[in-house]
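Student: Got a minute to go through this one with me? I'd like to start with the strands.

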Amino acid sequence: MTSAAPHDLVVTQATLADWPVIAGWAAAEGWNPGLSDGPAFFAQDPEGFFLGRIDGEPVSAISVVNYGSDYAFLGCYLVRPDLRGHGHGLTTWKTALAHAGDRTVGLDGVVAQQDNYRQSGFELAYRTIRFTGTAPQAETPAGVRAAGPADLAAITAYDSACCPADRPRFLSEWLTGPGHRALVRHDGARLTGYGVLRPGHDTLRVGPLFADTADDARALFAALTADAAGREVAIDVPEPNAAGVALAEAAGFRASFETARMYTGAVREHARDRVFGVTTLELG
C-alpha cells in the first residue's frame with residue numbers, strides 16, 4: 001500500500017526495522033513506550049504499520065493493527081514536529097486507515113486530537129487515566145506466581161474475555177518479551193487474573209492488569225511491583241473502573257496523563273469490569 005501526497009510525501013508499510021524510529025518519536029512525545037514492544041506489536045499484524053517519507057526520510061507514522069475480521073486498533077499517530085501543519089499526518093492517516101477495511105476501529109486519543117477523531121467518525125467510550133508513582137514495598141501475595149508456557153492457553157482465553165478481540169499472536173510475544181514479567185493469580189482451580197510489568201523509556205509499565213475482583217487486582221499489582229520497590233511505575237486505568245482508580249491512588253500514584261478510548265462502531269461484549277490496567281495505548 002503506497003500513497004503519494006503534496007510535498008513528495010510517500011506512505012508505505014513499515015517493517016520491524018523501522019520500529020526504533022516510531023518508538024523514538026513516541027518517547028519524545030512523553031508516551032513512554034516499552035523498550036521491547038516492537039516484536040509483539042508486529043507479531044499481531046506485520047502489515048499494520050506505516051511510515052510517511054520525504055526523499056526517503058521518515059516524517060510521519062501510524063499503526064492500524066487488525067484483530068480478526070471485525071476489529072482493528074489505531075495507534076502510533078505521529079508527525080515529526082518540524083514538519084507538522086503540512087497535511088502529512090492526514091495523508092498518512094487516510095492511507096493506513098484503509099488497511100482496516102470495514103472493521104470497527106478503536107483508538108486511545110490524546111486530548112489535543114480528540115475533536116479531529118470525532119470528525120473521522122470516532123465516538124467517545126470512556127477516559128483512560130495514566131497513574132504514575134513510586135512502587136511501594138510489598139510482599140508477593142499468596143496465589144500469585146510467574147506465568148509459564150503451561151499457562152498460555154488459560155491466559156489467552158482470559159484475555160479474550162477482557163478484550164474486544166482475540167489476540168493470541170500478540171500474547172505469545174508479550175508474555176515473554178525481553179524484560180517483561182508476567183504473573184498469574186489462581187484460586188486453586190482456575191485463573192482469576194493476570195498482569196505484565198515491562199520496562200519503558202521513562203518508567204516501568206504495568207499492562208495489562210486483568211482480574212476478576214479488586215482483591216485479585218491488588219494481589220497482582222503488589223506482586224508485579226514487589227521487585228521494583230523504589231522505582232517509577234505507570235499504569236493506564238480506564239476511568240469507569242472505580243476500583244482500578246482506587247488501587248492506583250491507594251499505592252500513592254498520581255494522575256499524569258489522559259486519553260480517550262474511542263470507537264468507530266460497536267465492539268463485541270467483553271468484561272470491562274476486569275480491566276484494571278490497559279495493555280498498551282498503541283494496540284489496545
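Tutor: Sure. This is a predicted model. Strand E7 (residues 123-134) and strand E13 (residues 254-263) run antiparallel, joined by 9 bridges.

Student: Who's the bridge partner of Thr128 in E13?

Tutor: Thr259.

Student: And how many bridges join E6 to E13?

Tutor: 5 bridges, and again the strands run antiparallel. E6 covers residues 104-110. Asp108 in that pairing stands opposite Arg261 of E13.

Student: What about the loop before E6, between H3 and E6? Which residue is placed there?

Tutor: Gly101 is one to look at: it sits in the loop between helix H3 (88-97) and E6.

Student: Is Gly101 buried or exposed?

Tutor: Exposed, because its relative accessibility is 56%, and the cut-off for exposed is over 50%.

Student: How far is Gly101 from Leu9 in space?

Tutor: 23 Å, C-alpha to C-alpha. In sequence they are 92 residues apart.

Student: Switching to the interior. Which residues have the most contacts inside the largest nonpolar core?

Tutor: Trp19, Ile22, Phe41, Phe49 and Tyr194. That core has 39 residues. Helix H1 (residues 19-28) gives the largest share, 5 residues.

Student: What does Ile22 touch?

Tutor: Leaving out residues up to four places away in sequence, Ile22 touches Ala14, Leu51, Ala61, Cys76 and Leu78.

Student: And what's in the second core?

Tutor: Phe221, Val233, Phe253 and Phe276 are among its 26 residues. That core is separate.

Student: Back to H1. Which of its residues are buried?

Tutor: Trp19, Ile22, Ala23, Trp25 and Ala26. Seen down the helix axis, they fall within an arc of 160°, so they line one face of H1.

Student: What's on the face of H1 turned away from that buried side?

Tutor: Two exposed residues, Pro20 and Ala28, are carried there.

Student: And what covers the buried residues of H1?

Tutor: The cover includes helix H2 (38-44) and strands E3 (49-54), E4 (57-67) and E5 (71-79).

Student: What does Gly30 do just after H1?

Tutor: Gly30 takes a positive phi of about 85° there.

Student: Cysteines next. How many disulfides does a search of the whole structure find?

Tutor: 0. Cys76 is in none, and the nearest cysteine sulfur, on Cys163, is 17 Å away. Cys76 counts as buried because its relative accessibility is 7%, and buried means under 20%.

Student: How far is Cys163 from the nearest cysteine sulfur?

Tutor: 6.2 Å, to the sulfur of Cys162. A disulfide needs the two sulfurs within 2.5 Å, so Cys163 is in no disulfide. Cys163 is buried too, with a relative accessible area of 7%.

Student: Cys162 is in H5, right? Which H5 residues are buried?

Tutor: Yes, Cys162 is one of the buried residues of helix H5 (residues 152-162). The others are Ile155, Thr156, Tyr158, Asp159 and Ser160.

Student: What covers them?

Tutor: Helix H6 (168-174) is part of the cover. So are strands E9 (181-186), E10 (191-199), E11 (204-211) and E14 (275-277), among what is included.

Student: Last one: Thr192 in E10. Buried or exposed?

Tutor: Buried, at 4% relative accessibility. Outside four places in sequence, Thr192 touches Tyr158, Arg185, His186, Asp187, Ala211, Asp212 and Asp216. Tyr158 is one of the buried H5 residues.

Methods
Residues are numbered from 1 along each chain as its sequence is written. This is a predicted model: local features need pLDDT of at least 70, side-chain atom pairs count only at pLDDT 80 or more; totals for chains, interfaces and linings use all residues. Side-chain values use heavy atoms; hydrogens and water are left out. Two strands pair if DSSP finds at least two bridges between them. Helices (H or I, at least four residues) and strands (E, at least two) are DSSP runs, numbered from the N terminus. Buried means under 20% relative accessible area, exposed over 50%, partly exposed in between (1.4 Å probe, protein chains only). Contact means heavy atoms within 4.5 Å. A nonpolar core is a set of buried Ala, Val, Leu, Ile, Met, Phe, Trp, Tyr and Cys residues joined through side-chain atoms within 4.5 Å. The arc is that of the directions from the helix axis to the C-beta atoms.
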